[in-house]
Amino acid sequence: MAHVTGSGGGPTGTVTFYPYGRDTLVVADISGLPHDDSLCASGIFALHIHEGVSCGGADFADTGGHFNPDGCPHPYHAGDLPPLFSCDGHAFLAVCTNRFRVQDVIGRTVVIHSQPDDFTTQPAGNAGTKIACGVIQPA
């Protein structure tokens, strides 16, 4: 589980990882996402697992790049996850992935970015700044 927090009162919540057969179920429950009351505002935020083991540094710089043990191009990194869709600043996501097992990501970081991932731009999807982070710890 990662307890995610943003800088300066930004987003907070949890991202939990469950073994699911030979795969992994990822469940994110995040509040405090930036939002605009306009129905045309994006409200979509990239969610990634990063290779770093700390949320330290200016703008979470110590998180490093996307978790990518197999050297795949973006968006096929093991740490590339579907985006968070905000509903008045809250997002809930549940997704099953076969790109990693729970034990592979313990000690890594979960990062929420300020923009949606475009699933094209190399190396990381042009997802904007890092607005929240948490270290994945055994629960």
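# A quick tour of this predicted model

Let's begin with a loner: the sulfur of C72 sits 18 Å from the closest cysteine sulfur, the one in C96, and that is too far for a bond. Keep in mind that this is a predicted model. A search of the whole structure does turn up 1 disulfide, and it joins C55 to C133. Beyond the cysteines, there's a nonpolar core to look at, a buried aspartate without a salt bridge, and a handful of backbone oddities.

**Cysteines**

- For anyone new to the term, a disulfide is a covalent bond between the sulfur atoms of two cysteines.
- In the C55 to C133 disulfide, the S to S distance is 1.9 Å.
- The torsion about that S-S bond is about -75°, so the disulfide counts as left-handed.
- C55 is in the loop between β5 and β6, while C133 belongs to strand β9, so the pair ties together parts that lie 78 residues apart in sequence.
- The two partners sit in their own kinds of surroundings: C55 is partly exposed at 21% relative accessibility, whereas C133 is buried at 2%.
- Back to C72: this cysteine is partly exposed, with a relative accessible area of 27%.
- C87 is exposed, with a relative accessible area of 55%.

**The nonpolar core**

- The largest nonpolar core has 26 residues, and F17, L84, F100 and I112 are the ones that touch the most other members.
- Plenty of elements chip in: β1 (2-6), β2 (12-20), β3 (23-31), β5 (47-50), β7 (91-97), α1 (102-105), β8 (109-113) and β9 (130-135) each supply at least two residues of this core.
- Take F100 as an example: leaving aside neighbours within four places in sequence, F100 is in contact with F17, T24, V26, I49, F67, A78, L81 and V105.

**D117, a buried charge**

- Where is D117? You'll find D117 in the loop between β8 and β9.
- D117 is buried and has no salt bridge; R99 is the nearest side chain of opposite charge, and R99 is 8.8 Å away.
- What does the side chain of D117 reach at 2.7 Å? That would be the backbone nitrogen of F119.
- The side chains of D117 and H48 are also joined by a polar contact of 2.8 Å.
- Not counting residues up to four places away in sequence, D117 touches A46, H48, H74, A124, G125 and A127.

**Cis peptide bonds**

- H74, one of the residues that D117 touches, is joined to P75 by a cis peptide bond with omega about 10°.
- P75 is in the loop between β5 and β6.
- Going from Q122 to P123, the peptide bond is also cis, with omega near 5°.
- P123 is in the loop between β8 and β9, which is also where D117 has its place.

**Positive phi values**

- F60 isn't a glycine, but its phi is positive, near 60°.
- F60 lies in the loop between β5 and β6 and counts as buried at 11% relative accessibility.
- D88 has a positive phi too, near 55°, and again the residue is not a glycine.
- D88 lies in the loop between β6 and β7.
- Is D88 buried or exposed? At 65% relative accessibility, D88 counts as exposed.

Key
Residues numbered from 1 in each chain as written. Predicted model: local features only at pLDDT ≥ 70, side-chain atom pairs only at ≥ 80, totals over all residues. Heavy atoms only, no water. Core = buried A, V, L, I, M, F, W, Y, C linked by side-chain atoms within 4.5 Å. Buried < 20%, exposed > 50% of the residue type's maximum accessible area, 1.4 Å probe, protein only. Helix = DSSP H or I, 4+ residues; strand = E, 2+ residues; numbered from the N terminus. Contact = heavy atoms within 4.5 Å. Disulfide = S-S within 2.5 Å. Lys, Arg positive; Asp, Glu negative; His and termini not counted. Salt bridge = Lys/Arg side-chain N within 4 Å of Asp/Glu carboxyl O. Polar contact = N/O pair within 3.5 Å; in protein donor to acceptor, adjacent residues only side chain to side chain.
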